[in-house]
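User: I should like to understand how the terms used for a protein structure follow from computed values. Please justify each term as we proceed.

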Amino acid sequence: TRYFVDHRKVRVVGGQGGAGAFSFYSEPRKIFGGPDGGNGGDGGHVILKADQQTKSLSSVLPFYQGFHGERGGRKNCYGANGAYVYVKVPVGTLVKEDGEVVADLTQHGEEYVAAYGGAGGKGNRFFLSNENRSPTLFTPGEPGQERVLHLELKTTAHAGLVGFPNAGKSSLLRAISRAKPAVAAYPFTTLNPHVGIVHYQDYEQVAVADIPGLIKGAHQNRGLGVTFLKHIERCRFLLFVVDLSVPQPWVQLQDLKYELQQYDKGLSERPCVVIGNKIDLAESRINLPLLRERVAERVIPLSALTGDNLEELLWHLRELYDTYVKTEQSRGQSPVKW
């Protein structure tokens with residue numbers, strides 16, 4: 001199963017410059033033609049390029065190296081420069097080094113040189129002067145720049161499914177999109193985020209992420225905590241999924257909001273809706289009115305298993321998306337499109 005990757009550690013090394021040549025020109029009627037060793041070519045850069053068609057960092061390899069420059073030749077022939085290596089990353093990728101942001105690729109086609117190639121060496125022709133008519137000095141090419149970078153996506157998806165393990169998040173994502181996350185009757189079935197695309201008739205696409213389940217103490221990095229709280233942080237609005245069949249399902253919502261608030265103040269206040277899953281069970285029908293009494297947000301009861309009331313969720317999901325688009329446009333920013 002392919003899953004969504006929104007952070008990646010990558011080592012980049014620029015290509016090494018080609019060595020300069022050591023040569024003296026000589027032919028039958030011109031024996032002492034002087035030095036003619038050419039310079040070596042520069043090494044190739046490693047360049048990160050934002051691409052609108054790339055949505056995940058799953059295709060980014062852990063190591064990249066630019067092509068080496070060719071060495072110089074006789075008759076003042078310069079070596080060819082090494083080719084650049086382009087690495088496609090999604091729009092909205094943050095590039096960090098030692099914890100500091102060094103680049104923010106926000107536009108399609110925007111580039112960032114992750115590692116510069118080394119300069120080519122000088123041939124002995126370069127050192128010709130009036131004081132030294134037959135130089136024997138030439139230099140090797142310089143090594144390329146070497147760095148370790150951390151790539152992070154500012155946006156995982158438009159909407160994030162937030163809930164405790166076995167609340168039915170993966171089943172819900174399967175029901176509203178073509179994503180195929182694993183579904184099983186044990187906790188922590190989902191260990192990596194999956195992103196599904198909800199298609200509408202006007203060709204708008206809303207990305208929904210299945211975030212792995214949280215537990216109490218997640219903000220203290222218990223269980224699989226902080227890693228998955230970072231995924232939630234990159235979503236524009238939240239879909240809280242609670243299991244209506246358990247006693248006091250509103251306690252789940254309180255615990256989820258507490259974990260989000262402890263991790264990042266204001267995270268639990270993002271636009272959201274409460275999804276009461278497993279409405280097909282008898283216990284759920286009893287708990288639904290009790291949940292609505294204790295929750296201020298809108299509650300959408302549904303069953304991911306049978307498909308009951310999925311239409312209401314899809315309509316409200318589109319309302320949240322349209323509100324997000326209008327808000328970004330009013331700020332003069334372009335909303336994230338999938």
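User: Why is Arg 318 called buried or exposed, whichever applies?

Analyst: This is a predicted model. The relative accessible area of Arg 318 is 14%. Buried means under 20%, so Arg 318 is buried.

User: What makes the contact of Arg 318 and Asp 322 a salt bridge?

Analyst: Side chains of opposite charge can pair when their charged atoms come close. The limit is 4 Å from a side-chain nitrogen of Lys or Arg to a carboxyl oxygen of Asp or Glu. For Arg 318 and Asp 322 the N to O value is 2.9 Å, so the contact is a salt bridge. The two residues are 4 residues apart in helix α5 (residues 310-330), and therefore about one helical turn separates them. Asp 322 has a relative accessible area of 29% and is partly exposed. Together with Asp 202, Arg 318 and Asp 322 belong to a network of salt bridges.

User: How do you know which term, buried or partly exposed, suits Asp 243 and which suits Lys 278?

Analyst: Buried requires a value under 20%, exposed one over 50%, and partly exposed lies in between. Asp 243, at 8%, is therefore buried, while Lys 278, at 24%, is therefore partly exposed. The closest N and O atoms of this pair are 3.1 Å apart, and the two residues form a salt bridge. Asp 243 lies in strand β12 and Lys 278 in the loop between β13 and α4 (282-294), so the salt bridge ties together parts 35 residues apart in sequence.

User: Why is strand β12 described as largely enclosed?

Analyst: In β12 (residues 237-243), 7 of the 7 residues are buried, so the rest of the structure largely encloses this strand. Phe 237, Leu 239, Val 241 and Asp 243 point one way, and Leu 238, Phe 240 and Val 242 point the other way.

User: What are the pairing partners of β12, and in which sense do they run?

Analyst: Strand β9 (residues 159-162) runs parallel to β12 and is joined to it by 4 bridges. Strand β13 (residues 272-277) also runs parallel to β12, with 6 bridges. One of the bridge partners across β12 and β13 is the pair Leu 239 and Val 273. From β12 the chain passes through helix α3 (residues 250-263) to β13 in a right-handed β-α-β crossover.

User: How does the span of α3 compare with the expected value?

Analyst: The 14 residues of α3 reach 20 Å from the first C-alpha to the last, close to the 20 Å expected at 1.5 Å a residue.

Note on methods: Residues numbered from 1 in each chain as written. Predicted model: local features only at pLDDT ≥ 70, side-chain atom pairs only at ≥ 80, totals over all residues. Heavy atoms only, no water. Buried < 20%, exposed > 50% of the residue type's maximum accessible area, 1.4 Å probe, protein only. Pairing = 2+ DSSP bridges. Right-handed = clockwise from strand over helix to strand, strands pointing away. Expected span 1.5 Å × (residues − 1).
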